[in-house]
Amino acid sequence: MIKQLLIGIVCSAAVLTLGILIGHFGINKSSNSAPSWVKDVMKGVDESLIEKFLSEVDNIQIQENLMVLTKVPHMATTAGDEQTVQFMLKRWQDPETGLDQAWREEYMVYLSFPDPENPNKVTVVSPSDTVQYTAREKEKSYTSDQDDPEVVQPYAAYSPAGHPKGKLVYANQGKPSDYQLLNNTVDLRGTIAITRYGGAGRADKAINGAPYGVIGVLVYTDPLDINDGRMSDTNETYPHSWYLPPSGVERGSFNTHYGDLLTPYLAAKDETYRIPAKDITGIPPIPIQPIGFEDAYKLICELGGEAAPNLWQGSFNCTYNFGGPGFKQTSTFNNSDVKLDIFNHEKLKNSSNVMGVIRGSVEPDRYVIYGNHRDSWVHGAIDPSSGTSVMLELTRVLGRMVKQGKWRPRRSIIFGSWGAEEFGLIGSAEYTEQYFTKLSERTVAYINVDIAVFANATLRASGMPSLQNVIFKSSKQVDAPGLDSTSVYDNWIQYANRTSPTHGLIPKVGYLSGAGSDYAAFVHYLGITSIDISYTYDRSKTNARIYPAYHTAYDTFDYASKYIDPGFVSHQAIARTAGSVLIRLADSLLLPLNCSDYAETLEDYLNTAVTLYQLQLQNKQISMEPLKRAVANFRSAATHLDQVVRTSDLANETPLKVRRINDQLMLLDRAFLDPLAFPDKYAFRHVIWASSSAGKPTFPGLADAYANAESSEESSAWNKVHYHLSVLSQAIEGAAHTLVDVI
């Protein structure tokens, strides 16, 4: 009995000892070896991968992309557009260099077209209706590109059809102030106004004139504004240089809202409710038609009446007169009218976005979106195919890395090839409306590369201030095209710079305060941190408001390869720079967004507002103190978050802390959204970056309200100024609270 007891005790002791040893060594081993996912979760940007990406971006591949994309005109919803859809899908579904997934998103959208059977006409007609002069119906051919039967006649999309006839007047840029001045001299009732591009939006040239009785509008590009005064196609303009030929006409969408016009705030699917067409706002109420400057010359130089102001004069070798209304008595057009015969019509058409994705490995529910529209007015070599060719090269390099198992981003990357942008940013706007909630909650940033290369002098970037640091870092890594031992950053700072209180002399980054490209819905509607990147020209050498062949039949591969970017090295520099920004946003452990840079911009805006408005507002018993406190609190909160980041060893912190800080950075711009702040501006909700007509470098709603109050005779107009001060103060305070520790 005792023997059995001793044996039991010994066995029990042996088992206990063995268990202790196993437990000790097992626990000790596991404590020194974290699960494999921990390393992946805390991994950041691999600089060697970025270097590899930069080395593999190929300018010849970009050139070949552009050659394919510009073979035929590809206006939205045409057969040429469908060819580009198929080309994008083929590339993004390639088994060796494609993306994880690619598909098309379709929308039924409201578009405006000319009638090929009844071309729009502009004529000068005598009192007996004899045609004395007819403007060109199509641009002059210099290469086979202009002879393509799919080249659309120049027209103003969304201009109503009609046949107005009246005496001609010259209304400069068609701004409200232009029409007001003209109306002080000339009776505008029943007149046709000729205006030049610039100064006011396309549609506004007609919208502003209609209240004065103007019944039709012509618009042209003055050589002073686009060609540095050059006018002859014998030796000065294309095909001899980059300048616009005399018959060149800028097409465009003549509407002030973005997105599908019949489905405001709703994605334009087949079954979606549509408002009646008669309820559409923001389009011309009277017919409008673009013409070339050779035809504008014939008309303007024959005008009678008083001479227009010096600021209204252009490059023609004649005095620009107001119009009598009508032509000079000595003109062969004396007593004649100008007649517009506009046969535009509207259609519901199926338009496609082409979408692609590389799924994230750690945070697949966080998106970095890279977009560019695909449709053009004609061949669209620069607008938009320079951007599409860059995007295709970027996805080729990244896609191959993914397919070869060499890389997968931390966060998901979504690529968007937007459709029907030229008709009002439709594809991107419909996408944001369809996926409003998902994109609002999950999108880190949006990168827009529309016209990748306007010219080959320097980088240009516009975006939220928080992205300033990442574009600087990326541009320092890329060689400036054609310059030895000079980075894109060092070249950029020579062309556009500013002095920052924090950083000293730095390149100047612009702001996305309008709706000029597909960033609009992401910035203004969703409040997503965004940036627009391109290469552009030396503004000290030209006054061109944009590259001269913009939206004309001359924006071709021949034009791009000869005069915009021979060798496609500027395209390559943009692909490298934008790609580096994309990788850093997708791969960084901590998002490379800087709230203190945002604070600096708010302080600049505040200082301007105080200088411009404070004295008058004090006289109106309106205080700016709440706005001053809000900006100061934002600076304090941004400094606090910077301190949290600096003092944290994030690679060894809990992933939840990293995620929390990243969410604070990601959602910052959402805090500046106010859906009620701008009831007269469709889909503008961002109180810092909304468009403004006041032209002041400060808070847009405040600037516009102040300008309106100053010009108004109603004392109640100052209430709107007070309202916008309150909107701003509370939005900035709210944004500051998102940056401090959670309570």
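# Working chat on a predicted model

Me: What are the helix and strand shares over residues 165-253, and how far apart are the end C-alpha atoms?
Reply: Residues 165-253 are 20% helix and 19% strand, with 23 Å between the end C-alpha atoms. Helices (H or I, at least four residues) and strands (E, at least two) are DSSP runs, numbered from the N terminus. This is a predicted model: local features need pLDDT of at least 70, side-chain atom pairs count only at pLDDT 80 or more, and totals for chains, interfaces and linings use all residues. Residues are numbered from 1 along each chain as its sequence is written, and side-chain values use heavy atoms, with hydrogens and water left out.

Me: Which UniProt annotation covers 165-253?
Reply: An unreviewed UniProt entry gives "domain: PA" for residues 165-253. Positions are in the numbering used here, the feature name is shortened, and such annotations may be inferred rather than shown by experiment.

Me: And how is the protein divided into domains?
Reply: Domain 1 is 49-110 + 353-587, domain 2 is 115-343 and domain 3 is 595-739. Those bounds come from an automatic or database domain assignment. The centres of domain 2 and domain 3, over C-alpha atoms, lie 39 Å apart.

Me: How many helices and strands does the protein have?
Reply: The protein has 22 helices and 19 strands.

Me: New topic. Where is Tyr446, and is Tyr446 buried or exposed?
Reply: Tyr446 sits in strand 15 (residues 443-448). Its relative accessibility is 0%, so Tyr446 counts as buried. Buried means under 20% relative accessible area, exposed over 50%, partly exposed in between (1.4 Å probe, protein chains only).

Me: What does Tyr446 touch?
Reply: Leaving out residues up to four places away in sequence, Tyr446 touches several residues, among them Ile369, Trp418, Asp518, Phe522 and Ile531. A contact means heavy atoms within 4.5 Å. The C-alpha atoms of Tyr446 and Leu585 are 9.7 Å apart, with their places 139 residues apart along the chain.

Me: How many residues are in the largest nonpolar core?
Reply: That core has 231 residues, and those with the most contacts inside it are Phe415, Phe423, Tyr547, Phe634 and Phe699. Helix 22 (residues 717-739) gives the largest share, 11 residues. A nonpolar core is a set of buried Ala, Val, Leu, Ile, Met, Phe, Trp, Tyr and Cys residues joined through side-chain atoms within 4.5 Å.

Me: Which residues does Phe699 touch?
Reply: Not counting residues up to four places away in sequence, the list includes Leu602, Tyr605, Leu627, Leu728 and Ile732.

Me: Last one: what share of the protein is buried?
Reply: Of its 743 residues, 57% count as buried.
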